[in-house]
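Look at the model below. The walk-through starts with a single side chain and works toward the core.

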Amino acid sequence: TTNYSKYQQYLYDRIKGYKEGKLSVIGYRKISKIFNSEGLKTPKNKTFKPNHVFSIYKKGKIREERLNSEIEVTREMDVKSYTSDEVSIYLD
């Protein structure tokens, strides 16, 4: 499951499109100007600044890597051996 809202995902997808565009890569300052001209707000309802755009992009990339990675689970167990001379069992 994800804690991202649809709006957060929308913003990340737009920023990713601008940053990883095939024809022309756009900087964070210009992306923030585009979003502000469209009347978009940050997830905390503030006007966009370049650092907001950078943060959304950076955290989105980390999230994408985490969700798309294979999880490797390893489990280790310490096993101790005892001989009958070392262990005393008392039953009531």
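In this predicted model, asparagine 36 counts as partly exposed, because its relative accessibility is 31%, and partly exposed covers the range between under 20% and over 50%. Asparagine 36 sits in helix H2. Setting aside neighbours within four places in sequence, asparagine 36 is in contact with Thr47 and Phe48.

Take the Phe48 pairing. Asparagine 36 and phenylalanine 48 are twelve residues apart in sequence. Their C-alpha atoms are 6.1 Å apart. A polar atom of the asparagine 36 side chain lies 2.8 Å from the backbone oxygen of phenylalanine 48.

Now turn to serine 32, which is also placed in helix H2. Is serine 32 buried or exposed? Serine 32 counts as buried, because its relative accessibility is 3% and the cut-off for buried is under 20%. Beyond neighbours within four places in sequence, serine 32 is in contact with Phe48, Lys49, Pro50 and Val53.

Phenylalanine 48 ties these threads together. Not counting residues up to four places away in sequence, phenylalanine 48 touches Ser32 and Asn36. Its other contacts are Leu11, Phe35, Leu40, Lys41, Thr42, Val53 and Ile56.

Which residues make up the largest nonpolar core? There are eleven in all: Leu11, Tyr12, Ile15, Ile26, Ile31, Phe35, Leu40, Phe48, Val53, Ile56 and Tyr57. Helix H1 (6-19), helix H2 (28-37) and helix H3 (50-68) are the elements that give two or more residues to this core. In soluble globular proteins, nonpolar side chains tend to be buried together.

Definitions and conventions
Residues are numbered from 1 along each chain as its sequence is written. This is a predicted model: local features need pLDDT of at least 70, side-chain atom pairs count only at pLDDT 80 or more; totals for chains, interfaces and linings use all residues. Side-chain values use heavy atoms; hydrogens and water are left out. A nonpolar core is a set of buried Ala, Val, Leu, Ile, Met, Phe, Trp, Tyr and Cys residues joined through side-chain atoms within 4.5 Å. Buried means under 20% relative accessible area, exposed over 50%, partly exposed in between (1.4 Å probe, protein chains only). Helices (H or I, at least four residues) and strands (E, at least two) are DSSP runs, numbered from the N terminus. Contact means heavy atoms within 4.5 Å. A polar contact is a pair of N or O atoms within 3.5 Å; within protein, one must be able to donate a hydrogen and the other to accept it, and residues adjacent in sequence count only if both atoms are side-chain atoms.
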